[in-house]
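Visitor: Could you take one chain and give me a close look at how it is built and how it meets another copy? I would like a careful, connected account.

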Protein chains: 4
Amino acid sequence: MPYTLQEVAQHNSPKSCWVIIKNQVYDVTDFLPEHPGGSKIILKYAGRDATDAFEPIHPPDALERYLPQSKHLGAVDSAAASQLQTARETKEKTADELRVEREQAAKPPLNRILDLQEMEDVARRLLPKKALAYYSSASDDEITHDENSRAFSRFFLLPRVMRPVSGTDPSTAILGFKSSIPVFVSGAALAKLGHPLGEANITRGAGRTGIIQMVSSNASLSYAQIAESRVSPNQILFFQLYKHKDDAVAEQRVREVEALGYKAIFLTVDAPYTGNRERDIKAGWELEDLERMAKEGVRTSDSPQKELPRKQGDLEVEEMDVSGTAGALVANDDVDMTWEKTIPWLRRTTKLPIVLKGVQCVEDAVLAAEAGVDGILLSNHGGRQLEYALPPVEVLYRLRKQRPDVFDKLEVYIDGGVKRGTDVLKALCLGAKAVGLGRQFLYAQSAYGAAGVVKSVRILEREIISGMRLLGVRRVEELVPEMVERVDFQPILAKL
Amino acid sequence: MPYTLQEVAQHNSPKSCWVIIKNQVYDVTDFLPEHPGGSKIILKYAGRDATDAFEPIHPPDALERYLPQSKHLGAVDSAAASQLQTARETKEKTADELRVEREQAAKPPLNRILDLQEMEDVARRLLPKKALAYYSSASDDEITHDENSRAFSRFFLLPRVMRPVSGTDPSTAILGFKSSIPVFVSGAALAKLGHPLGEANITRGAGRTGIIQMVSSNASLSYAQIAESRVSPNQILFFQLYKHKDDAVAEQRVREVEALGYKAIFLTVDAPYTGNRERDIKAGWELEDLERMAKEGVRTSDSPQKELPRKQGDLEVEEMDVSGTAGALVANDDVDMTWEKTIPWLRRTTKLPIVLKGVQCVEDAVLAAEAGVDGILLSNHGGRQLEYALPPVEVLYRLRKQRPDVFDKLEVYIDGGVKRGTDVLKALCLGAKAVGLGRQFLYAQSAYGAAGVVKSVRILEREIISGMRLLGVRRVEELVPEMVERVDFQPILAKL
Amino acid sequence: MPYTLQEVAQHNSPKSCWVIIKNQVYDVTDFLPEHPGGSKIILKYAGRDATDAFEPIHPPDALERYLPQSKHLGAVDSAAASQLQTARETKEKTADELRVEREQAAKPPLNRILDLQEMEDVARRLLPKKALAYYSSASDDEITHDENSRAFSRFFLLPRVMRPVSGTDPSTAILGFKSSIPVFVSGAALAKLGHPLGEANITRGAGRTGIIQMVSSNASLSYAQIAESRVSPNQILFFQLYKHKDDAVAEQRVREVEALGYKAIFLTVDAPYTGNRERDIKAGWELEDLERMAKEGVRTSDSPQKELPRKQGDLEVEEMDVSGTAGALVANDDVDMTWEKTIPWLRRTTKLPIVLKGVQCVEDAVLAAEAGVDGILLSNHGGRQLEYALPPVEVLYRLRKQRPDVFDKLEVYIDGGVKRGTDVLKALCLGAKAVGLGRQFLYAQSAYGAAGVVKSVRILEREIISGMRLLGVRRVEELVPEMVERVDFQPILAKL
Amino acid sequence: MPYTLQEVAQHNSPKSCWVIIKNQVYDVTDFLPEHPGGSKIILKYAGRDATDAFEPIHPPDALERYLPQSKHLGAVDSAAASQLQTARETKEKTADELRVEREQAAKPPLNRILDLQEMEDVARRLLPKKALAYYSSASDDEITHDENSRAFSRFFLLPRVMRPVSGTDPSTAILGFKSSIPVFVSGAALAKLGHPLGEANITRGAGRTGIIQMVSSNASLSYAQIAESRVSPNQILFFQLYKHKDDAVAEQRVREVEALGYKAIFLTVDAPYTGNRERDIKAGWELEDLERMAKEGVRTSDSPQKELPRKQGDLEVEEMDVSGTAGALVANDDVDMTWEKTIPWLRRTTKLPIVLKGVQCVEDAVLAAEAGVDGILLSNHGGRQLEYALPPVEVLYRLRKQRPDVFDKLEVYIDGGVKRGTDVLKALCLGAKAVGLGRQFLYAQSAYGAAGVVKSVRILEREIISGMRLLGVRRVEELVPEMVERVDFQPILAKL
């Protein structure tokens, strides 16, 4: 009993809301209030084809995972399918899509990319506006985001001379798993926004170069798809868990990734609420204005707001809908986790190593050690959560000075703002076991797919090896606190 | 015996000076030397209608308050009234008024305002030049003004993880009165300069959102009008007292606001003299030049001063008339207040709680505690008084470090430079009970009336709740000094 | 026996060099090697009228002072006088002179000048290029010059409240002489470069406003002319002595100024060599290029050097003639002064109080106190001598912290970078008795003559009184170290 | 048996590769894998004339030094020689060559150059793009490079007054050899890139002015040619040794320079690997694009990459060829030097004084003293090796504070970022015996040949003498740590 478009079109209200995704019809009426991204965005497509909006930000298994089988109503009829196909093919490209095509054609060849900043610059030019907003945005005035990077510039290195450096080896082990360099992919969501192959680009690039990927709960591919993208069965994946408020649901997710062969659980602890990412929020509006103006032939410099309806009752202030792309992702997460309850629960649930992702001060690092977890990732979520959280390298520095004993009890990692091999080396000198990069790999795969990821690792590898030699060390274990000094002046970052 | 315009016009000199305000004729000859703004400005309107100049900067009761009944001569005749009405209606708009109209029409809808800086940006574009100069100006080179904001950026937050944060509640009590968030409206004068409804916008917005307004002695509405604007009889108002040099006059003012239901006295202690607000002083000249040039079709870049009469005797330097809008307001204030005399006098005069507004160093905070007042507002008057006074958050930090006992003896507030929820949270971590905003509410009501005020509070509320959750606290009492660290580096405020 | 121009014109070589100044003929052949500014500049006018070049940078008594009477050959004949007069009247104005005339006509009326920076801005626009270069230039990259001002911005004030401030009095005494405000004119040479009346403008302005002027040895008026410019016989003048290498010549100069009624000797100790003032050196070249281009109708952006003769032998590098206007002034000074020799000599020579001008570190302040001088002026010569000398307010701060006893033994002053009343107050809080300004008065008199000087003092007076009231003090003696704090952050000086 | 061009042209592959250099034919087939710059660059000229590419970056003796006599096949025939000559004469100039010619013609006369920054500015304008890239580039984001200079600005001087300064003498001795000022030429390679006479310009300029030149192993003239360029047989040269990995080869090089009269060995210890000089790497690409566009009449702003072939297999990332000009120079160097092995070997090999060039921390300075070397040059290779190495003046400052005893055991020098006489004086106050400049002399000779070098030394001499006088010292030994203070504020370097 395939459906006609007319039939579907009648279910276009909160009372009965059907949508078409990849030629299949779904009744999402009951699901509306549960949708983490809010019902409003779904209702925009009520009674219509929602494929283009659905695909880039949901893993393919989202429908079967969250929608009971009974709501999968079945396929549209062939007339409908062909009509939808035609509609897709003849749809006029948006101004932003046209811009992206131009930029894709003009990007430099990959072998001219010399460092991760250049990789990012290419991606920033060719990413769709909305994807860039999601990837690049951070909280409030983005001060913590900017300082994450800038903090590294206050740490100088003290190279040693007259030491043999032939045969330098930058490899290490993370939670016991071999890594070709002391770098891993930190969880970063929605890779499909930037490239149609999404997280698989990262998985393949990481596998090829021998580094480990931590996969986000909010990946835009399914955990299974990502696991299947590995270049060999031995390739290591870690899992970044956003714990569901319902322990049973959370446990099921852990079981699932265990079964898929993921090797560690990184429990996100810094996101009981989504940070205020204004750049992300605005991107939607700006895009709307942009497309409208493109159609009307209006120049961008004209004030776009002029035509918008304005309804400003005296004290009736419209509620802000400011969740952006990010808000939706954490709506069902557990905001009441505790040391006493959550860690033991997770230990009971899995035998995998447990790492806390998002520790942001010395006190919590100490508590984590006391709680017996296997590692902590000092991270402020790339500046996307609490504005004015300290840069991770600053927290690492304080931990080294105040509680060096913690480094003996668990592995310490950092992420946030890392762009250069010297950044990695500084962190290792201060005691980090490895360093994560998130955004940089999203940019790399957006710009050049899996090859961009490979290239990024090669760049870091070259910079790390070069830095180790110039520091006078052959093995990462030789990197010690005496080789790094936090200076009292702020270098000018002219080229950045 | 209504007056003709001809009759009034004859009283156009210091010897006999009449003015018309709202069709009433007043003999202000004897008042000339007492006028806080100087006689010169009144004489400009001697024998003429002064309504447009009088209204935006005087409360309606100013005439009956300061001019004996015998000088209220009576109404103009109907011919005069109709002639004045016509004059008003046919008066050509000034270049600045036309600009303001254009900007009003082009402002973004309120629901697109994401933070207080954006609110301020809108207001800065659409405010009349003179109002903006009065609102935004600060002393000398505006260094203390700029540093008030920037100081917050040196305080970083140390978020705690694995703490339950559902049901976060940002409410507090100020002097025992409930406030929905730890924020109040700090005294800010002359709201009518920015919006015809003036301070009532703020009163209604504060009432609607459950925060407390401190009303300035120099409000452009009468204290009664403001009290009447409350959204409910329970809405709390505080009063900012500029103490008159004559104790009796001052006492009468306190009695008046007590009777109107105001609940606390914030005694201004930082303004025995008006700061040097050059931006404010210049605004008048620039406006004059602007209008002249607009009429003559001259381009702004031409030197306007060319045509001005210049009379530079050798050593005869004309006295500077540089009081600006602000100078007039404090001309009759008490410049000889002392701890020994003034506090006891005020305690005798009223049973209301007493707060000193404008304490600027640790020593005076200690003296205030010893003097037994109920609170102190660490404030440098928004950078409008002594240039190079320390930013309030820096004073708060020193007070916390040097004399933590003071926080047990009275309530401590700060104002100046606050624009973000994180600013509020930092102050609370350091021991402040609440934080005041002045200019930001003037901007909000100028841009969008009462709705702008409501929106501003909602923005702060969202930012405060979000920040509390990400810090790992549910109640404002859980905000402690250990959660804030003054760093030794200066973040770059790129977006600001 | 008056001379014809033809007769004079024959003496146009180093062997016989005559010049005409104000219609008088002088034989300067023997003087050539002694001329502090070098022989080259004189030879440019050999056999010709040199009046225009001579006048702005020499006091009128220079000729009789340095040239034996026998070399004063006598007047030119009346035909010559009339021919010179005609030449002067018909001389085409240079491009720079025309620019200066335009700027003079366009300057704002004096009553619109609100602060000393605005005064300086006016002067910078209307000064002849060469005068500006001499006044504004400082050593090397002008870092000490710029930091002199900026250093004040790291000192914040701690205002006290609840203190009576009516009747604030900013007057003080310097070396026992009354001063209306704690400010004096610090020695600054060549005022005639900026205004035809030269130093007399400053003398009259200082007299009118009750402050003291320190007169430079290198004034462009004679010491007698300056003394005669006083507004009353009681007006106090100090003398800045550049000690001649010949004690007898130096003694004679001291005797002369004693006789003229000067009341103190400020011995310059920081100028045994002239700093490297590149801006000053370049001004001559640039002016030359400019005039040439103006004549040839060439645009400034074209490379002017193209036409210059270039003679670059392989290793033969032409000696640099880089003395600029400044170099000449110190050529005959004593570069071998010592504590043991020079101070006792000066004490023997005069009963006037002795102040050392140019002390730049704590150690020398202590030595000065031990040597028994009456005062020291902490100064780096406005950044014109040793690049990277510390800003005076920083030296003052160190002196206060390390050797507070020195303040009891002599009077301490500072100059350099002072532009605001708050700068003065900070210095006084730290222990300075008074503060000198040099360049600012040169700018003021250049822009508006004596009235500019009066205005500048009035501005400072208003700022000082205002600042004292807001600090809670009535007398300068109440300004104490506790009222100033050196902060660890650098304010942004946006308006400056 | 002279060769025809046709014969040579047949040997144009890796299997048989001949090249012509200055009309001589060489068989470099076997040498290809050994070429430090890689085989690729040679193969570009296989079977062709390589003179223009070979000359600017190889000393003339490179061929006989590295190629067995049997591979020197002999001359081309006269037809070929004449044809090559014609080709050279009629070769069209590149866009960059034309630009360089224009800039050469427009450069200012040498006597208008006032300081080393101006000298550098001239050179930067007129240098070929590739030469500038090699001279100016530094590692990664060039932060250490930029901070090398900026670090000096945090050191202020404390001038002493009332000290005799006539007869100031800036001369010193380095390793016992007289130097007219405490400055030497630090090793800097490839001077021919900037000027056809190359290092000889520096040798002659240094000889003329009495300073010592340290000659780089990688000079573009032969060590003998440089020695022959001395202005007198007594002129002192030092040798910068890049130690070959084969001790015997290294020993032979030491013997050679001993025989040529070089007086000390500066052993490079900071270059076991070449830093990542992106500016240098990019210069080649950019030049290529530039020339192509010049030919095609395309504007520079157009994206040049568009036409480039792009081959981005999925995971096949092309190896980076990023050695740039610099990479080649160190390919055969010893990367396994140790304190235990290398210093004794060098001591055995030569009786010349030994200095370690590239010490970068206090610990290694101490080890050097213990190893008994004669001196250390604190240097980070001008920021060209490890990014985030500390500026040398900062290392010097730490050495002075932490281990002042080291200064008694060996001579300490610094190089990197020195541009002013005050920089030199600060280093001497902190204990340096002398200060090296590398790039500045490369720029000087590029701009003006040997005269530029002479001029640069004269400028420094004047600045040093002036600074010594203003500091109150006559001899360099009187420069003491008490005369320099590291301040806690960062001056703004407005002019730089």
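Guide: What follows goes through chain A and then turns to its contact with chain D. This is a predicted model, in which local features need pLDDT of at least 70 and side-chain atom pairs count only at pLDDT 80 or more, while totals for chains, interfaces and linings use all residues. Residues are numbered from 1 along each chain as its sequence is written, chains are lettered from A and ligands numbered from 1 in written order, and side-chain values use heavy atoms, without hydrogens or water.

In chain A, eight strands (DSSP runs of E, at least two residues) close into a barrel with parallel pairing, in the order E8-E9-E10-E11-E12-E13-E14-E15. From one strand to the next the twist averages 30 degrees, taken between lines fitted to C-alpha atoms in their N-to-C directions, on a scale from 0 to 180 degrees. Strand E8(A), residues 183–185, and strand E15(A), residues 434–437, run parallel and are joined by three bridges, where pairing requires at least two; here Phe184(A) stands opposite Gly436(A). Helix H10(A), residues 199–209 (a DSSP run of H or I, at least four residues), packs on the sheet and touches E8, E9 and E10 of chain A, its direction making about 160 degrees with that of E9(A).

Turning to the neighbouring copy, the contact (heavy atoms within 4.5 Å) takes 58 residues from chain A and 59 residues from chain D. Within chain D, Tyr273(D), Leu315(D) and Tyr388(D) lose the most area to chain A, together 15% of what that side buries.

Terms used: Buried area = accessible area lost by both parts, 1.4 Å probe.
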